[in-house]
Amino acid sequence: MLSTLKQQPADKILALMAKYKEDPRPTKIDLGVGVYKNAEGVTPVMRAVKEAERRLVAEQETKSYVALAGDPAFADAMIGLVLGNAVQREKIAAVATPGGTGAVRQAFELVKMANPTARVFVSNPTWPNHVSILKYVGIETVAYRYFDTETRAVDFDGMMADLSEAKSGDVVLLHGCCHNPTGANLNLTEWQAVVDLINDKGLIAMVDIAYQGFGDGLEEDAAATRLVASSVKECLIAGSCSKNFGVYRERTGILMAISEDAASTPLVQQNLNFLNRQNYSFPPDHGARVVTTILTDPELRADWAAELEEIRLGMLALREQLADELRKLSGSDRFGFIAEHRGMFSQIGTTPELVEKLRADNGIYMVGDSRMNIAGLNAETVPILAKAIVEAGI
Ligand code: LMR
């Protein structure tokens with residue numbers, strides 16, 4: 001049986017991670033996988049996370065199962081963080097999931113269960129695993145224009161034209177903030193137009209929000225998701241704590257499903273619980289409990305928010321420095337978009353060949369679609385990257 005298996009396509013982000021590890025050059029620079037790193041190249045355990053873990057070790061008395069949906073306190077805390085009070089709590093069903101990826105997977109499975117003929121519209125480009133999971137789950141994917149490779153901003157007219165081709169019941173997958181991989185985002189006027197189109201055409205909104213707090217601030221980054229959730233009939237939201245709490249390996253995420261009315265919530269909740277039971281039974285608890293501890297303790301929450309803000313401002317400063325350096329070296333403003341983009345990533349919009357050249361000649365690792373992780377830089381490596389980009393003729 002096992003010998004009949006076929007080779008599966010490699011995930012390009014994870015394959016790059018492995019390649020970087022093998023590279024013996026001490027000057028190599030990792031701008032690949034979306035993991036935050038400080039100036040020393042370390043992905044630190046955040047202060048509030050350490051403290052919450054200390055408390056858990058001291059106070060936790062059982063490791064018995066919690067509930068198929070995870071701890072209700074986690075759902076409440078995360079709904080508060082992502083949605084504020086934009087949506088009536090009674091309309092929201094939620095389950096804890098293994099990371100944001102788990103939430104995305106459960107959301108697609110729920111779509112398939114509810115409407116087997118629904119198509120999912122994804123931005124071109126999007127996080128490659130969106131497309132990969134959709135294919136695996138057996139859902140038809142339709143790409144909508146998103147990134148203008150000339151301006152490196154959102155091709156909003158193209159996006160709206162492509163979304164207007166969607167049929168009632170199709171799902172539109174949107175990145176709540178900090179678009180991955182491009183770094184280019186809609187403004188709130190544009191979000192409103194997308195919401196209007198979703199409502200006019202009877203589409204279902206799905207928001208993936210994995211980088212809240214990495215763009216313009218915790219509240220600012222949630223604004224679009226709140227607008228969508230409060231304006232459409234039904235909405236799925238996949239949330240991740242991997243990046244903003246730095247708990248990557250703990251696998252901490254949440255899927256929220258918002259119904260048109262509170263009367264539908266118990267049925268949706270029962271289906272979400274069922275999906276958890278089928279796929280892994282109980283969701284991981286440790287990371288979720290750490291996050292709940294932080295969000296429900298005013299002092300820990302303030303310290304977490306302050307550290308997250310330092311991280312956000314650090315990435316913004318790197319963006320500014322890189323854009324300045326490139327302006328100087330190239331004698332042009334064509335890299336100004338790097339300072340305009342938000343979140344961990346910017347797609348610089350060059351060819352896979354030049355991305356490969358940067359890797360081969362300079363030990364600079366970015367994803368083949370020319371996505372770079374800004375957090376992989378520091379003040380010393382920014383000029384090295386800028387020089388390599390200009391010398392490569394990008
Ligand atoms: C990324 O886009 O690099 C991250 O979300 C990590 C991953 O799982 O791909």
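How much space lies in the largest cavity? This tour of a predicted model reaches that cavity after a stop at the ligand.

**The ligand and its shell**

Select the ligand, which sits in the largest pocket. Next, display the residues that surround the ligand: Ile13, Val33, Gly34, Trp127, Asn180, Tyr211, Lys243 and Arg371. Coloured by residue class, this shell divides into four nonpolar, two polar and two charged residues. Colouring by domain is also informative: domain 1 (11–44 + 313–391) and domain 2 (65–296) each supply at least three residues of the shell.

**Polar atoms at the ligand**

Keep the ligand in view and select Gly34, where a polar backbone atom lies 2.7 Å from an oxygen atom of the ligand. Move to Asn180; an N or O atom in the side chain of Asn180 is 3.0 Å from an oxygen atom of the ligand. Then select Tyr211, which places a polar side-chain atom 3.5 Å from a ligand oxygen. With a surface switched on, consider the cover as a whole: on its own the ligand has 260 Å² of accessible area, and the protein covers 80% of this.

**The largest cavity**

Hide the surface and turn to the enclosed spaces. Two cavities of 30 Å³ or more are counted. For the largest cavity, select Tyr36, Thr43, Pro44, Met46, Lys243, Gly246, Tyr248 and Ile311, which form the lining. The space in this cavity is about 40 Å³, which answers the opening question. Five residues of the lining are nonpolar, two are polar and one is charged. Where does the largest cavity lie with respect to domain 1 (11–44 + 313–391) and domain 2 (65–296)? Both domains give residues to the lining, and the largest cavity therefore lies between them. Pause at Lys243, which belongs to this lining and is also among the residues surrounding the ligand.

**The second largest cavity**

For the final stop, select Met78, Leu81, Val82, Ile209, Gln212, Gly239, Ser240 and Asn244, the residues that line the second largest cavity. The volume of the second largest cavity is about 30 Å³.

How values were computed: Residues numbered from 1 in each chain as written. Predicted model: local features only at pLDDT ≥ 70, side-chain atom pairs only at ≥ 80, totals over all residues. Heavy atoms only, no water. Near = heavy atom within 4 Å. Polar contact = N/O pair within 3.5 Å; in protein donor to acceptor, adjacent residues only side chain to side chain. Areas by Shrake-Rupley, 256 points an atom, 1.4 Å probe, with all protein chains shown as cover. 1 Å grid on protein atoms, 1.4 Å probe; cavity = no way out; pocket = protein on both sides within 12 Å on 5 of 7 lines; lining within 4 Å. Sits in = over half its atoms within 2 Å of the grid points. Nonpolar A, V, L, I, M, F, W, Y, C, P; charged D, E, K, R; others polar. Domains from an automatic or database assignment. Points joined across faces, edges and corners; volume = space filled by probe spheres on them.
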